[in-house]
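The following exercises treat the strands and helices of one protein chain, and each is followed by a solution worked out in steps. Please have the structure open while reading.

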Amino acid sequence: MDPHLLRTSWAKVAQYGEQVPLYFYGHLFLSHPEVRSMFPPSMAAQRDRLVAALGAVVANVDNLDAAVPFLQGLGRDHRKFAVGPDHYPAVGASLLATLEQFLGPDWTPQAAESWTEAYGIVAQVMTDAAAEAAESTPAWWDAEIVAHEVLGGRRDIARVTIATRQPYPYAAGQSMTLETAVAPARWRFYTPANPPRADGLIELHIKLVGTVSWQLVNIMGVGDRLRLGPPVGHQLTLASTKPDSDLLLIAGSTGVAPLRALIEELGRNPEHGRRVTLYYGARIAGDLYDLPRLQQLAAHYPWLSVVPVVSDDHAWEGQRGLVGDAAAARGAWPGHEVFIVGSPGMCEHTATRLKETGVAPGAIHLEESQP
């Protein structure tokens, strides 16, 4: 397998943008129509996930060990779609056909060999992870809404508390996919706002973006049923940090959920010895919906500081501006590891500003691109 060849050929293919996943799924559904039912009616989000997943693998092709946790998460997660080992050859054939289509004369025997080997590794890691997970966990977890509250200055955020029928094993900072009975086969990623609790309840902060979120905010309520996929991700967990590092947490809107979970997780260990600073940003003051809870935590934990920042509310008397700019104004944050959670634009701007102040790129933690 030639990592340089894989990277350069993928760069050429990626230039074709949306044409790539369109061709891939067209080839897959025409050659294996039986798999179409595994996918949602609208393929827009799924097309983006294909490109993100391939990009993540290619980015780590020099060190595939670094991609293993991501691929294992993919394999476990795909069990909820009833994906089995027999489906991987069909996907591999369509991937190779897609690469051949867009590479043209650059689709050489060497390129075909490298991509075939790379996909074989990916498929093996995913199938092994799925098989191991099947020995101890279900393909999905049935859940029920037990509390529902609409929040935010624009009434476009809901705090939804759910209970699962079986224990749901996750770490603070991990995400899950969620499917509603109203829109089957539409799975959306959310991240709990609390670490695992003894009563098993999970608190989610839902912002009205897309079909699933719209249902969760405006339509669904106590007693409605959900399905959860297995937990994924590790970049936003405490296990991804050095045990003695201080933490800078920067959240935009509902991005505060996983960061609050980390704070509560640290609060269970009074001897952790870290200093934690949370910058919590929103456009208007009314959208700082979780500020009362965070201020309670700051009053209880002397190692925690909470800095609310509002960008577009002239009546706000606190710190104003973009939350990333406010955090960057404090300098390079020596000795800190940084967690940034929010919209893609907010995360990109904040990471750029912090790097400009001298924060090392390796100290910055962002959500993985979700499959």
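**Exercise 1.** Decide whether strand β7 is enclosed or open to the surroundings, and identify its neighbours in the sheet.

Solution. The coordinates belong to a predicted model, and the burial of each residue is the starting point. With buried taken as under 20% relative accessible area, seven of the seven residues of β7 are buried, so the strand is largely enclosed by the rest of the structure. The next step is to separate the two faces: D246, L248, I250 and G252 lie on one side, L247, L249 and A251 lie on the other, and all are buried, which leaves both faces of β7 covered.

The pairing is then read from the bridges. Six bridges join β7 to β11, and these strands run parallel, with A251 standing opposite V341 in β11. Six bridges also join β7 to β8, again in the parallel sense, and here A251 stands opposite Y280 in β8. Following the chain from β7 through helix α8 (residues 256-267) to β8, one finds a β-α-β crossover that is right-handed.

**Exercise 2.** Continue from strand β8 to strand β9, and describe the pairing, the connection and the burial of β9.

Solution. Strand β8 (residues 276-282) pairs with β9 in the parallel sense over seven bridges, and within this pairing S305 of β9 is the bridge partner of T277. The connection comes next: β8, helix α9 (residues 291-300) and β9 make up a β-α-β unit, which is right-handed. Burial is counted last; six of the seven residues of β9 (residues 304-310) are buried, so this strand is largely enclosed by the rest of the structure. To complete the picture, β9 also pairs with strand β10 (residues 319-320), in the parallel sense and over two bridges, where V309 stands opposite Q319.

**Exercise 3.** Establish the strand order of the antiparallel sheet, and find which strands lie at its edges.

Solution. As background, strands of a sheet pair through backbone hydrogen bonds, either parallel or antiparallel. Tracing the pairings gives an open sheet of six strands in the order β4-β3-β6-β1-β2-β5, with antiparallel pairing. The edges are β4 (187-190) and β5 (202-207), since each of them pairs on one side only. From one strand to the next, the twist averages 40°.

One pairing may be examined in detail: β1 (residues 141-151) and β6 (residues 225-228) run antiparallel and are joined by four bridges, among which E144 has R225 as its partner in β6. Finally, helix α7 (residues 211-219) has as its buried residues V212, S213, Q215, L216 and V217, and what covers them includes β1, β2 (157-164), β3 (176-180), β4, β5 and β6.

**Exercise 4.** Determine how the buried and exposed residues are distributed around helix α11.

Solution. Helix α11 (residues 344-357) has 14 residues and reaches 20 Å from its first C-alpha to its last, close to the 20 Å expected at 1.5 Å a residue. Its buried residues are M346, C347, T350, A351 and L354. These cover an arc of only 120° around the axis, which puts them on the same side of α11. On the other side, P344, E348 and E356 are exposed.

The packing partners of the buried residues are β7 (246-252), α10 (323-328), β11 (336-341) and β12 (364-366), which returns the reader to the strand of the opening exercise. Just after α11, G358 takes a positive phi of about 115°.

Technical notes. Residues are numbered from 1 along each chain as its sequence is written. This is a predicted model: local features need pLDDT of at least 70, side-chain atom pairs count only at pLDDT 80 or more; totals for chains, interfaces and linings use all residues. Side-chain values use heavy atoms; hydrogens and water are left out. Buried means under 20% relative accessible area, exposed over 50%, partly exposed in between (1.4 Å probe, protein chains only). Two strands pair if DSSP finds at least two bridges between them. A crossover is right-handed if, with the strands pointing away from the viewer, the path from the first strand over the helix to the second runs clockwise. Axes are lines fitted to C-alpha atoms, for helices over the stretch in contact, and angles run from 0 to 180 degrees between N-to-C directions. The expected span of a helix is 1.5 Å times one less than its number of residues. The arc is that of the directions from the helix axis to the C-beta atoms. Contact means heavy atoms within 4.5 Å.
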